[in-house]
Amino acid sequence: MAAALQLQTHPCFHGTCQLSPPPRPSVSFPSSSRSFPSSRRSLSAHVKAAASSLSTTTLQEGIAEFYDESSGIWEDIWGDHMHHGYYEPGSDVSGSDHRAAQIRMVEESLRFAGISEDPANRPKRIVDVGCGIGGSSRYLARKYGAKCQGITLSPVQAGRANALANAQGLADQVCFEVADALNQPFPDDQFDLVWSMESGEHMPDKPKFVKELVRVAAPGGTIIVVTWCHRDLGPSEESLQPWEQKLLNRICDAYYLPEWCSTSDYVKLFQSLSLQDIKAGDWTENVAPFWPAVIRSALTWKGFTSLLRSGLKTIKGALVMPLMIEGFQKGVIKFAIIACRKPAE
């Protein structure tokens, strides 16, 4: 039985941050497929089936351990934005500044969602769901002069994010804590901008995840989800092809991912909750150069020696990076953005 989280008080603008890690067992995934069904099966039925085959608590402990172990090497090589970069299709990226591409990902996401640059209308309170070491939070806090709260399952990430905020003079604007995105520690109707940059793929219960994003959004607030999805299923398909499911399962085992869903599944979930101005985009082509660049960085002496020091989970994740490229190239994996607005009162 997992021990309860130990709470460590952190002085910030909204209360305490949970920073101390619980002991965690290792994770073993079942061999069954982790893809969402077509519309012929209900989302809720699929979620119940997934929940019966994989403990949410065990999964969350595995996610936390993975990021506790790997975040340091990522920051050392790639900086504090733990997500894909955004590249113009067909552009020459041989000498590209990939950290700049990660900033472009943030800016393009804001542009896609139509976030206002007008000081009177820009977001003032932001939540970063799956915040990593806080790169997006600090960037958004500076850009908008906003207060931002970030949550992660990783105590190492939360501690590092708070340390960076303090070092950069942002402790009065941003704060990070260990918390569950499926049970967020915030009241209803709190945030003008709900931001989820590449965390949705870790969520074992996608309907509950979406409901929580909507719950904490303020009336009139914007929700942005950038996430890995599988391809949309055709009208006659009940599920992905067996070879596609096998490929995704191998990635799931390395990156602690539960069931996948499609972009259209996300759109349907937001529609079911009466969100407005829902739109989705396929940015798969825009992130195509990213994984080859990550592999090249891992093959440098610095990357190789850092991997050896980081631990088995990080090494296992590095070994399946070519499968991410294969998934993108074969059209199985899609890099999606979904944006919408909560109705104003």
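Let me begin with one pair: Gly281 has Ile337 as its bridge partner in strand 9. This is a predicted model, so local features need pLDDT of at least 70, side-chain atom pairs count only at pLDDT 80 or more, and totals for chains, interfaces and linings use all residues. Residues are numbered from 1 along each chain as its sequence is written, and side-chain values use heavy atoms, with hydrogens and water left out.

Helices (H or I, at least four residues) and strands (E, at least two) are DSSP runs, numbered from the N terminus. Two strands pair if DSSP finds at least two bridges between them. Strand 8 and strand 9 (residues 333-341) are joined by five bridges and run antiparallel.

Now the sheet they belong to. It is an open sheet of seven strands in the order 5-4-3-6-7-9-8, and the pairing is mixed. Strand 5 (174-178) and strand 8 (276-282) stand at the edges with a single partner strand each, so one side of each has no neighbour in the sheet. From one strand to the next, the twist averages 15°. Helix 8 (residues 263-272) packs on this sheet and touches strand 7 (217-230), strand 8 and strand 9. Contact here means heavy atoms within 4.5 Å. The direction of helix 8 makes about 160° with that of strand 7; angles run from 0 to 180 degrees between N-to-C directions, and axes are lines fitted to C-alpha atoms, for helices over the stretch in contact.

Next, strand 6 (residues 191-197). How many of its seven residues are buried? Six are, so to speak of strand 6 as mostly covered is fair. Buried means under 20% relative accessible area, exposed over 50%, and partly exposed in between, with a 1.4 Å probe and protein chains only. Three bridges join strand 6 to strand 3 (residues 125-129), and the two run parallel. Within strand 6, Trp195 is the bridge partner of Asp128. Trp195 also stands opposite Ile224 in strand 7. Strand 6 and strand 7 run parallel and are joined by six bridges.

On to the helices. Helix 6 (residues 206-216) is mostly covered, with eight of its 11 residues buried. Among them are Phe209, Val210, Leu213 and Val214, and also Lys206 and Glu212. At the start of helix 6, a side-chain oxygen of Asp205 comes to within 3.1 Å of the backbone nitrogen of Lys208.

Helix 2 (residues 56-78) packs against helix 3 (residues 98-113) at an angle of about 105°, and their axes are 10 Å apart. That makes helix 2 roughly perpendicular to helix 3. The cut-offs are under 35 degrees for roughly parallel, over 145 for roughly antiparallel, 65 to 115 for roughly perpendicular, and oblique for the rest. Helix 2 makes the contact with Trp74, Glu75, Asp76, Ile77 and Trp78, and helix 3 with His98, Arg99 and Gln102.

Thr58 also lies in helix 2. Its relative accessible area is 23%, so Thr58 is partly exposed. Thr58 and Tyr256 are 198 residues apart along the chain, and their C-alpha atoms are separated by 10.0 Å.

Last, the totals. The protein has 12 helices and nine strands. Of its 345 residues, 56% are buried. Among contacts between residues at least 6 apart in sequence, 78% join residues at least 24 apart.

Notes
Polar contact = N/O pair within 3.5 Å; in protein donor to acceptor, adjacent residues only side chain to side chain.
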